[in-house]
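Reader: Before any discussion begins, could the coordinates be put in front of us, so that each answer can be followed on the model itself?

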Amino acid sequence: MHPLRILDRLEEILIASLMAGATLLIFVAVVHRYASGIDALYSITTAIHLSWAQELCIYMFVWMAKFGAAYGVRTGIHVGVDVAVNQLPPAWRDRIVLFGLLCGALFTAIVGTMGARFVYGLVDTDQTTPDLEIPSWVVYLAIPLGSYLMCFRFLQVAWSFWRTGELPHHDPGHVEGVVESPQAAQDLAQDLAAEARTGGRAR
């Protein structure tokens with residue numbers, strides 16, 4: 001497998017895992033809080049300490065947001081106002097789009113470098129988080145890692161745009177696996193029927 005495909009997959013797995021883990025942890029913490037108010041369950045819930053859950057969820061969402069931002073650059077899901085840019089002649093439009101991508105790469109590289117210096121300064125300290133008591137530099141490591149990955153994604157998109165003139169595009173109305181028209185439904189039915197007849201070799 002190509003190294004970029006491996007990076008893409010790791011990025012997606014990390015984001016999905018953090019999102020799922022944080023959601024599950026919040027659910028358990030809420031159930032625990034309400035169960036503590038029930039007399040019959042009080043003796044059980046008091047033995048389970050989840051005071052650290054909120055802090056961990058915050059850190060998980062921070063990491064998810066940093067790496068999710070890089071994912072957004074790669075897939076083109078960030079919100080952007082391009083009405084004025086699209087009115088320009090193609091040559092000028094291409095230059096401005098490329099300039100914007102390179103500015104994004106420069107900005108995230110600066111943030112990543114400043115974040116790395118901050119984390120490096122924390123490594124030699126004994127500073128820990130309040131509840132989990134893990135080294136603070138582990139939490140703040142999301143800043144340089146996420147920012148440098150986002151910088152790489154800006155450069156990746158800029159290189160692709162310079163070569164092909166195309167930007168990653170995300171259609172918010174499209175849902176994978178959902179048929180969007182009667183003709184598409186008919187084509188899908190024919191493909192599935194052909195696949196069933198050939199034992200999965202139609203595609």
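**A surface patch and what surrounds it**

Author: In this predicted model, a nonpolar patch on the surface is formed by Leu24, Phe27, Val28 and Val31, whose accessible area together is about 380 Å².

Reader: Is Phe27 buried or exposed, given its relative accessibility?

Author: Phe27 belongs to the nonpolar patch and has its place in helix H1, which covers residues 3-35. Since the cut-off for an exposed residue is over 50% relative accessible area, the 56% computed for Phe27 makes this residue exposed.

Reader: How many helices and how many strands does the protein chain have?

Author: Read from the N terminus on, the elements of the protein chain run α-α-α-α-α-α-α-α. Of its 203 residues, 25% count as buried. The count for the protein chain is therefore 0 strands and 8 helices.

Reader: Which class of aromatic pair do Trp63 and Phe67 form?

Author: The structure holds 3 aromatic pairs. In one of them the ring centres of Trp63 and Phe67 are 5.8 Å apart and the ring planes stand at 15 degrees, and because planes under 30 degrees apart count as stacked, the pair of Trp63 and Phe67 is stacked.

Reader: Where do Trp63 and Phe67 lie, and how many residues apart are they?

Author: An α-helix has 3.6 residues a turn, so residues three or four places apart point the same way. Phe67 counts as buried, at 10% relative accessibility. Both Trp63 and Phe67 lie in helix H3, residues 53-75, at a separation of about one turn of the helix, that is, 4 residues apart.

Reader: Which class does the pair of Trp159 and Trp162 fall into, by the angle of the planes?

Author: Trp159 and Trp162 both lie in helix H7 (residues 142-164), 3 residues apart, which is about one turn of the helix. Trp162 counts as exposed, at 59% relative accessibility. With ring centres 5.4 Å apart and planes at 35 degrees, the pair of Trp159 and Trp162 is tilted.

Reader: How far apart are the end C-alpha atoms of H3, and what span should its 23 residues have?

Author: H3 is followed by Gly76, whose phi is positive, near 75 degrees. At 1.5 Å a residue, the 23 residues of H3 should span 33 Å, which agrees with the distance between its end C-alpha atoms, 31 Å.

Reader: How far apart are Val62 and Gly146 in space, C-alpha to C-alpha?

Author: Val62 has its place in helix H3 and is partly exposed, with a relative accessible area of 38%. In sequence Val62 and Gly146 are 84 residues apart, whereas in space their C-alpha atoms are separated by 9.9 Å.

Reader: At what distance, N to O, do the side chains of Arg5 and Asp8 meet?

Author: A search of the whole structure finds 8 salt bridges. Arg5 and Asp8 both lie in helix H1, 3 residues apart, about one turn of the helix. Arg5 is partly exposed, with a relative accessible area of 43%, whereas Asp8 counts as buried at 7% relative accessibility. The side chains of Arg5 and Asp8 meet in a salt bridge with an N to O distance of 3.6 Å.

Reader: How many residues apart are Arg153 and Glu11 along the chain?

Author: The side chains of Arg153 and Glu11 meet in a salt bridge, at 3.2 Å from N to O. Both of these residues, Arg153 and Glu11, are buried. The pair links distant parts of the chain, with Arg153 in helix H7 and Glu11 in helix H1, at a separation of 142 residues.

Reader: Which residues do salt bridges that share partners join into one network?

Author: Asp94 forms a salt bridge with Arg93, in which the closest N and O atoms are 3.4 Å apart. Salt bridges that share partners also give one network, and its members are Arg5, Asp8, Arg9, Glu11, Glu12, Arg74 and Arg153.

Reader: What value is the phi of Glu133 near?

Author: Glu133 is found in the loop between helix H5 (90-123) and helix H6 (136-140). With a relative accessible area of 60%, Glu133 is exposed. Its phi is a positive value in a residue other than glycine, near 60 degrees.

How values were computed: Residues are numbered from 1 along each chain as its sequence is written. This is a predicted model: local features need pLDDT of at least 70, side-chain atom pairs count only at pLDDT 80 or more; totals for chains, interfaces and linings use all residues. Side-chain values use heavy atoms; hydrogens and water are left out. Rings of Phe, Tyr and Trp (its six-membered ring) pair if their centres lie within 6.5 Å; planes under 30 degrees apart count as stacked, over 60 as edge-to-face and the rest as tilted. Helices (H or I, at least four residues) and strands (E, at least two) are DSSP runs, numbered from the N terminus. Buried means under 20% relative accessible area, exposed over 50%, partly exposed in between (1.4 Å probe, protein chains only). The expected span of a helix is 1.5 Å times one less than its number of residues. Patches are made of residues with over 30% relative accessible area and no salt bridge: like charges are joined within 9 Å, nonpolar side chains (Val, Leu, Ile, Met, Phe, Trp, Tyr) within 5 Å. Accessible areas come from the Shrake-Rupley method with a 1.4 Å probe; for residues, only the protein chains shown count as cover. A salt bridge is a side-chain nitrogen of Lys or Arg within 4 Å of a carboxyl oxygen of Asp or Glu.
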